[in-house]
Amino acid sequence: MKAKDLNKDQTFFLSQVREEALRKTLFPVGDILKSDVKKLAEKSGLIHFAEKKESFGICFIGNRKFKDFISEYISTPPGVMVDIDTGRRVCRHKGIHLWTLGQCIHQPSQSSAYYVCDINPASNIIYVAAGRNHPSLDCHQIFCAKPHWISGRHQKLMETHQVLVCDVRTRHRANFTKCNIMFFGDKGKLVVDLAEPISGLVAPGQYAVFYDGNECLGSAMIVGKDKYEPRKQFQNNEICHSL
């Protein structure tokens, strides 16, 4: 179940845990707001914890930039960023591992911002779209691997009715979106039809987490999404600079 404090709700990260384990797990502050927890700490004389600042980001990275951190463990050859509509080379990049779908690209020579809309590991090309509202950033369908259902009854519902109506989110704290879940292909894969498009927040390797009201039903790893088709052939024109 979702926590009372939705900003601190951890169901997104617990969605792959087995029901047997969750039955034996206690969440003592799940029904309390974080602000009330701090007040209780202050009343109990735990001033250090009551006044402790909120932590954000990935705790084990520290003050390093994420690009510097990930480059210590992963390296890919440099490549180019290409405008998905015109096929024009926008600039060079220093590795696809440094970029993710929906990420904003700060390009001083361009009048409008670019956003990553597709990454092709085979060609090492990152396709970018001009403007945050570009249709290539919208996702209408999500393709997922075999799901993990916290409760077996949802697996039975899928097998009986072949469709499950619920909510989905693809990132922690992202908005919930109404969807229909259906089986796709073999091995229990899923296709998730979205009632409204999700913009720039869906990438393979992330997880789609499913909800029915306050109940977290489970989740499935994202393996793909619907593609934006209008794509010009790559033009090998002059490079601006590296990012």
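A residue counts as buried when its relative accessible area is under 20%, as exposed when that area is over 50%, and as partly exposed in between. Keep that rule handy, because by it D118, at 11% relative accessibility, counts as buried. You will meet D118 again on this tour. One more thing before you start clicking: the model in your viewer is a predicted one.

**Stop 1: the whole chain**

Show the full chain as a cartoon. Its secondary structure comes to 6 helices and 12 strands. Turn the C-alpha trace along its principal axes, and you will find that it spans about 65 × 55 × 30 Å. The chain has 243 residues, and 36% of them count as buried.

**Stop 2: the largest nonpolar core**

Next, select I142, I181 and F210 and show their side chains. Within the largest nonpolar core, which has 20 residues, these three touch the most other members. Now colour the strands around them. The elements that give two or more residues to this core are β6 (138–144), β8 (163–169), β9 (177–183), β10 (190–199), β11 (207–212) and β12. Which element gives the most to this core? Select β10: with 4 residues, it is the biggest contributor.

**Stop 3: a salt bridge between distant parts of the chain**

Time to return to D118. Select it together with K227. The two form a salt bridge, and their closest N and O atoms are 3.3 Å apart. Where in the chain do D118 and K227 lie? D118 is in strand β4 (residues 114–120), while K227 is in the segment after β12 (215–225), so the pair, 109 residues apart, links distant parts of the chain. Switch on a surface and compare the partners: D118 is buried at 11%, whereas K227 is exposed at 54%.

**Stop 4: two further salt bridges**

The count of salt bridges in the model comes to 5. Select R23 and E19 for another one of them, with the closest N and O atoms 3.4 Å apart. Both residues lie in helix α2 (residues 19–23), and they are 4 residues apart, about one turn of the helix. Is R23 buried or exposed? R23 is exposed, with a relative accessible area of 63%, while its partner E19 is partly exposed at 25%.

Then select E72 and R64. Their side chains meet in a salt bridge, with 3.3 Å from N to O. R64 is partly exposed, with a relative accessible area of 37%.

**Stop 5: the largest pocket**

Rolling a probe the size of a water molecule over the atoms shows where empty space is left. To visit such a space, select M1, K2, A3, T11 and F27. Of the 22 residues that line the largest pocket, these lie nearest its centre. Helices α1 (11–14) and α3 (34–43), along with strand β12, are the elements that give two or more residues to the lining. The pocket has a volume of about 660 Å³. Try colouring the lining by residue type: it divides into 12 nonpolar, 3 polar and 7 charged residues.

**Stop 6: the cysteines**

Select the cysteines and show their sulfur atoms. How many disulfides does the structure hold? The number is 0. Begin with C117, whose nearest cysteine sulfur, that of C91, is 13 Å away. C117 is buried, with a relative accessible area of 6%.

Move on to C166. Its nearest cysteine sulfur belongs to C179 and is 3.8 Å away. Why is this pair no disulfide? A disulfide needs the two sulfur atoms within 2.5 Å, so a separation of 3.8 Å does not qualify. C166 counts as buried too, at 4% relative accessibility.

**Stop 7: two backbone surprises**

Most residues other than glycine have a negative phi. With that in mind, select N124. It is not a glycine, yet its phi is positive, about 65°. You will find N124 in the loop between β4 and β5 (125–130), where it counts as buried at 10% relative accessibility.

For your last selection, pick R173, in the loop between β8 and β9. R173 is not a glycine either, and it has a positive phi of about 75°. Is R173 buried or partly exposed? At 42% relative accessibility, R173 counts as partly exposed.

Terms used:
Residues numbered from 1 in each chain as written. Predicted model: local features only at pLDDT ≥ 70, side-chain atom pairs only at ≥ 80, totals over all residues. Heavy atoms only, no water. Salt bridge = Lys/Arg side-chain N within 4 Å of Asp/Glu carboxyl O. Buried < 20%, exposed > 50% of the residue type's maximum accessible area, 1.4 Å probe, protein only. 1 Å grid on protein atoms, 1.4 Å probe; cavity = no way out; pocket = protein on both sides within 12 Å on 5 of 7 lines; lining within 4 Å. Points joined across faces, edges and corners; volume = space filled by probe spheres on them. Nonpolar A, V, L, I, M, F, W, Y, C, P; charged D, E, K, R; others polar. Core = buried A, V, L, I, M, F, W, Y, C linked by side-chain atoms within 4.5 Å.
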